[in-house]
Amino acid sequence: MTSRTVTLLDVARTAGVSKSTASDALQGSGRVAEATRDRVRAVAEELGYRPNSAARRLRRSSTGAIGLHLPQTATRLDYYMNLAFGAVARAQEAGFDVVLLAPASTMGGAGGATGPGGASGPVASRVDGLLVIDPEVGDSAVPGLLDAGVPVVTGERYLGPTAAPTGAVICDNAASLTALLDHVTDRGARRPAVLAPAGTSAWATALRATAASWGQEHGVDVALRTVPFAATPGEAEETTLALLRADPAVDAVICAPDGAAPGVLRAAATLGRTVGTTASDRTDSAASDRTDSTAASDRTGEEPSTPGPGPRPRTPLLVASCVDGTATRSAEPPVTAVDLRPAAYGRACAELLCDILAGRTPPDTVRRHAWALETRASTTAGPA
């Protein structure tokens, strides 16, 4: 029996229940015992049953679509495009289309959520639920979306005063920046700097707060500079040049915005700073040079030579990024970064929304998404 020939009645007969019980069990509705629900779902999976999504939408007055709201800067950021692809793939597996909601500035009101018909009418009539990614307090669309009358899952928490979302998928952004700061200091950095994003998203807020609290906890003066949420490489380069000229002791720069780290590398090259050599490597090398000079004088009976009046070597620089992507992997040298696994994150957000819509997961559910630290030559390799 193939998935094209299996019907709901086939599932009901095989599971030994009525057709209505089988329907309730698969949709997560009705008063069905948990053991019965599990048995029906197991039978459906074994038989390869696929529900008639069109008929199911008619029965529950469903649109068969979910809305996706991204930050206005998302169209030029690799991270959000990968996240969107992941969300679309998972939604399609559950029989949903994905509607990309236009920014408030182009639709008027909250991403089309407001208008003469009220706050919830237009959006609620077009989708069964909403995904709102990296919601910012300053985004005028978000309050209307959260009050649109359909379940809403946010990617990261919303820090604003309006209604809470139905569910959320969050990353431990404080832990990821802590891991980067620990990594560069383990590699010898003594004066790290963080180019933190501006804005009121949970991600941006957590990074700025963590840079300050980590410095206090470790007794290290972290040089904190604020850059646009979606800073370009050019903006990161300009900020880094100003930072390093004003504070040459900075020996590590952690750049937050997606795709901006190559600008830090360009600034380092402009100032003659070698990327990837640690401060401890430089100290060890200097000590080795002194030892070699002393040994030579012992052999010749001459006094050890002293450095000439030429320019002193500049402090080497470690470079890392809070977001991994094509720009960090293809840079020269490749840049150490936090892999936030955006496609998997998008899938996780869509999966939580699908589970809430199907009644498999209660409202107010918060799930956590894992990240990984990818170490590369920008913090681990010395000069050739």
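Let me begin with a definition: when I say helix here, I mean a DSSP run of H or I covering at least four residues, numbered from the N terminus. Please also keep in mind that this is a predicted model.

With that in hand, just after helix α1 we find G16, which takes a positive phi of about 75 degrees. Helix α1 itself spans residues 8–15, and its buried residues are L8, D10, V11, A12 and A15; these pack against α2, residues 19–27, and α3, residues 34–47.

Turning to the interior, the largest nonpolar core has 49 residues, and among those with the most contacts inside it are Y80, L131, V153 and I254. Helix α15, residues 342–357, gives the most to this core, with seven residues. If we take V153 and leave aside its neighbours within four places in sequence, its contacts include L130, L131, V132 and V169, as well as C349, L352, L353 and I356. A second core, separate from that one, has 24 residues, including A261, L265, A267 and V335.

Now to the sheet, which is open, has six strands in the order β7-β6-β8-β9-β10-β12, and shows mixed pairing. Its edge strands, each pairing on one side only, are β7 at 223–227 and β12 at 372–374. Within the sheet, β9 and β10 run parallel and are joined by two bridges, and S321 stands opposite A337 in β10.

Finally, helix α10, residues 202–218, lies across β6 and β7 and runs at about 160 degrees to β6, while helix α11, residues 233–246, packs on the sheet and touches β6, β7 and β8, its direction making about 145 degrees with that of β6.

Terms used
Residues numbered from 1 in each chain as written. Predicted model: local features only at pLDDT ≥ 70, side-chain atom pairs only at ≥ 80, totals over all residues. Heavy atoms only, no water. Core = buried A, V, L, I, M, F, W, Y, C linked by side-chain atoms within 4.5 Å. Buried < 20%, exposed > 50% of the residue type's maximum accessible area, 1.4 Å probe, protein only. Contact = heavy atoms within 4.5 Å. Pairing = 2+ DSSP bridges. Axes fitted to C-alpha atoms, helices over the stretch in contact; angles between N-to-C directions.
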